[in-house]
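Colleague: I am new to this one. Please take me through it, one question at a time.

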Amino acid sequence: MISGLKGLFSRLAYWVNDVFPNAKSLVPKPLHRFVLLRIVGMNDQYERMLRENPERLFLQNEALPWVSASYKQVLFVGTAVYTYQYEKLFADDPDRYTTIDRNPSTKVWGSKHHIVAPIEQISQHRPPGFFDCIVLSGVLAYRIPEHGDYGLVEQDDLRALLKVLHGVMRPGGLLLVGWNLRDMAQSLSQLGLLEPYFVPTDKTPWGVRKEFPGDPHAFEFYERR
């Protein structure tokens, strides 16, 4: 019965969006989220992932709470239905937390200070040295021959992105990178793309790297030069 009602409301919501594409911009964010989460049930498919996925549990329960307590201005790159709850960690001062995503449809899951733009354009929205910490979880990807077409970003583009991130961070700031494949991080280091922008840092509770037994994901921590 409940699943049937959710399906009905979901179809209704999509119909309203198709017929009145600007209507959702008039709806307050809390109400918009309530409809998507409680009526449409958009988060249902991610419920198990958020309970069991080791890198998501680490990000939510360990990494981001520590980041919130340790850094003043934080940028989180990429918003989705399973990331909106991170802003609660900055409830003491929502102005400390900025999100960015190129997709306008994910704005509802962003923070008070959400930017609709590709991360490559962050310097157009914030001044040099603005951020103390930038979080890129599952965002960076590039071509590794042994993984075929897994990667999406060419080396020159990735080097340019690292330069942009370097520009909007203060010296000594933290770049937290979540990799979907451990080999991606190792390959990046071998290619020397981080130089001269970032260096690995062990100034975290987990050292320079956090891995998960039996899982291909990994987190690495870098300091802005």
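Colleague: Which residues have the most contacts inside the largest nonpolar core?

Modeller: First, a caution: this is a predicted model, where local features need pLDDT of at least 70, side-chain atom pairs count only at pLDDT 80 or more, and totals for chains, interfaces and linings use all residues. Residues are numbered from 1 along each chain as its sequence is written, and side-chain values use heavy atoms, with hydrogens and water left out. A nonpolar core is a set of buried Ala, Val, Leu, Ile, Met, Phe, Trp, Tyr and Cys residues joined through side-chain atoms within 4.5 Å. The largest has 25 residues, and the most contacts inside it belong to Ile-134 and Phe-198.

Colleague: Which element supplies the largest share of this core?

Modeller: Helices (H or I, at least four residues) and strands (E, at least two) are DSSP runs, numbered from the N terminus. At least two residues of this core come from each of β1 (74-77), β4 (131-137), α5 and β5 (169-179). The largest share is five residues, and its source is α5.

Colleague: Which residues of α5 are buried?

Modeller: Buried means under 20% relative accessible area, exposed over 50%, and partly exposed in between (1.4 Å probe, protein chains only). An α-helix has 3.6 residues a turn, so residues three or four places apart point the same way. In α5 the buried residues are Leu-158, Leu-161, Leu-162, Leu-165, His-166 and Val-168.

Colleague: How far apart are the end C-alpha atoms of helix α5?

Modeller: The expected span is 1.5 Å times one less than the number of residues. Helix α5 (residues 155-168) has 14 residues, so it should span 20 Å. The model agrees: the end C-alpha atoms are apart by 20 Å.

Colleague: Which residues does Phe-198 touch, leaving out those up to four places away in sequence?

Modeller: Contact means heavy atoms within 4.5 Å. Among those touched are Leu-162, Leu-165 and His-166, which are also buried residues of α5. The other names are Met-169, Leu-175, Tyr-222, Glu-223, Arg-224 and Arg-225.

Colleague: How many salt bridges does the whole structure have?

Modeller: A salt bridge is a side-chain nitrogen of Lys or Arg within 4 Å of a carboxyl oxygen of Asp or Glu. One of them joins Asp-92 and Arg-96, with the closest N and O atoms 3.3 Å apart. Asp-92 is exposed at 62% relative accessibility, whereas Arg-96 is buried at 9%. The search of the whole structure gives a total of seven.

Colleague: Which residues do shared salt-bridge partners join into one network?

Modeller: Glu-211 pairs with Arg-209 at 2.7 Å between the closest N and O atoms. Glu-220 also meets Arg-209, at 2.4 Å, N to O. That second pair links strand β8 (residues 215-224), which holds Glu-220, to strand β7 (residues 209-212), which holds Arg-209. Shared partners make one network of Arg-209, Glu-211 and Glu-220.

Colleague: Is Glu-220 buried or exposed?

Modeller: Its partner's other partner, Glu-211, is partly exposed at 36% relative accessible area. Glu-220 has a relative accessible area of 11%. Under 20% counts as buried, so Glu-220 is buried.

Colleague: What share of the 225 residues counts as buried?

Modeller: The chain has six helices and eight strands. Of its contacts with a separation of 6 or more, 67% are between residues 24 or more positions apart. The buried share of the residues is 44%.
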